[in-house]
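User: Can you walk me through reading a ligand site? I'd like the general idea, then the case at hand.

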Amino acid sequence: MPMPPSTSPPLTSAQTQLRQLVADFTTAEVDPRVRRMEAHPDRVERDLAVLMGAQGWFGVTIPTELGGMGAGHLAKTLMLHQVAQSSAATAALLQASQLPVSMIMHFGSERQKRQLLPPVAAGEQLLSIAVTEKDSGGHVLGMQTTARRDGRDWIIEGSKRYIGNSHLAHLHCVIARTAPADQAGSRALSAFLIEHDRPGLTVKRHRPALGLHGFSFGRLTFNNVRVPARNMIGEEGDGKDIAYSSSILYGRPNLAAVSLGVHQAIVHLTAAYLRSTPRYGATLADLDVLHDRLGRMRGRLTAARDLAYEAVHRLDHGLACDERLINSKYLSHQWAVQSGQDAMDMHGARALEMSYPLQRYWRDVQCTYAPAGTGEVQRKRLAAYALGKRTTEWSRKLAPKTSLFRAPRTP
Ligand SMILES: Cc1cc2nc3c(=O)[nH]c(=O)nc-3n(C[C@H](O)[C@H](O)[C@H](O)COP(=O)(O)OP(=O)(O)OC[C@H]3O[C@@H](n4cnc5c(N)ncnc54)[C@H](O)[C@@H]3O)c2cc1C
């Protein structure tokens, strides 16, 4: 199926070439692996992490002087959108290691950037971001994992769950409590780099989920894990800002792009099915009611595409866009789910066959609801904009670091 018209913004020739490169890669490397990933949901897909790492894709937003592609946020969206059309699990793997890149680029010291980002860009080192806990979920400030100062070290104690690339990451960027909430308020959390082989760190056995088979989002436990003070990212008390900013500037657009890719695959498959399925002396595509539903699906897809690309285009240009990033994540998931349900209905019993990809798309798209903020959390933020409440505008605040251009503008 042709892409929805790319009204805003038009792609540059470098971006068009990148999209073709990614499409060729997914045809050659991802598509042939999907069947195996689906057949073995208890296994974590490692080969594709290595292959995508070798392409340099984990460093898509890392500046060229640090070995990265320096291609920016729209390029990242384009990549995730393309990969997710073949496999949302592979796109999830690619996106999960980008959030900690943002943490280091925006808050890390010069030494941390020079030491950590070139191996990520070269595909030699994979990162994870570990925030979520069993008893706090999306309430980040409610977390209970602690970091206690001990001489020149910090001792980490607690556990995290649903951590993207938990089983692949060489280095975990962990947010932990360094002060009681009632004393330090929003400065009660700090961020730490924890190597995967630190004594006391355990990665629990991979357990398959409803969807995203092959992608690990598992549990980490920290039992008196000792890390040197130089492993702190930013200053003590920066943890909430680090978690929030990476979620807004990277998490939201990443998940929007993954939903978008699955959405496109759903619309493509459904159009092909309607066109090729004979009924009543014509095809299903000739039934007015199904024609109408397909039109609605295409309308949502095109709008989701424009929202997602416009938001990251603004990020690349140093323009304020938090609300667009939030809205895009929210609607991209919601619209993909609606189209997914339309598609299931329109396929009749065919939708249920495990050998047919629709059930995989339907399961996978359920998995983009929770990460980087559930629907309720996005709506809370959108309502705050409607009510004129002031919140930190991360795209504006970090514009000099997120923009591809030297002199960011504000609208
Ligand atoms: C595929 C996937 C990848 C993930 N990757 C990572 C990762 O790499 N790192 C990481 O740290 N975490 C990750 N997560 C976890 C994700 O960030 C959490 O699932 C999310 O923060 C929500 O937490 P929860 O699932 O515990 O739900 P809860 O926060 O417990 O929410 C339960 C329900 O309460 C609602 N709710 C919660 N708070 C509010 C509120 N303030 N107002 C109104 N309603 C509210 C929610 O919308 C939801 O309906 C991942 C999750 C998935 C599914």
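Analyst: Sure. Start with two terms: domain bounds come from an automatic or database domain assignment, and a residue belongs near the ligand if one of its heavy atoms lies within 4 Å of it. Keep in mind that this is a predicted model.

User: Where does the ligand lie with respect to domain 2 and domain 3?

Analyst: Domain 2 (127-238) and domain 3 (241-402) each supply residues to the shell, so the ligand lies between them. The ligand also sits in the largest pocket. Strand S1 (127-130), strand S3 (153-164) and helix H12 (375-386) are the elements that give two or more residues to that shell. S3 has the largest share, with three residues.

User: Which residues come nearest, and what classes make up the shell around the ligand?

Analyst: There are 17 residues around the ligand, and Thr132, Gly138, Tyr162, Thr374 and Glu376 come nearest. Sorted by class, the shell has ten nonpolar, five polar and two charged residues.

User: How do I read the polar contacts?

Analyst: Look for pairs of N or O atoms within 3.5 Å. Here, a polar side-chain atom of glutamate 376 is 2.5 Å from a ligand oxygen atom. Isoleucine 129 uses its backbone instead: a polar atom there lies 2.8 Å from a nitrogen atom of the ligand. For lysine 380, an N or O atom in the side chain is 3.4 Å from a ligand nitrogen.

User: And how much of the ligand does the protein bury?

Analyst: The protein buries 66% of the 970 Å² that the ligand exposes when taken alone.

Technical notes:
Residues numbered from 1 in each chain as written. Predicted model: local features only at pLDDT ≥ 70, side-chain atom pairs only at ≥ 80, totals over all residues. Heavy atoms only, no water. Polar contact = N/O pair within 3.5 Å; in protein donor to acceptor, adjacent residues only side chain to side chain. Areas by Shrake-Rupley, 256 points an atom, 1.4 Å probe, with all protein chains shown as cover. 1 Å grid on protein atoms, 1.4 Å probe; cavity = no way out; pocket = protein on both sides within 12 Å on 5 of 7 lines; lining within 4 Å. Sits in = over half its atoms within 2 Å of the grid points. Helix = DSSP H or I, 4+ residues; strand = E, 2+ residues; numbered from the N terminus. Nonpolar A, V, L, I, M, F, W, Y, C, P; charged D, E, K, R; others polar.
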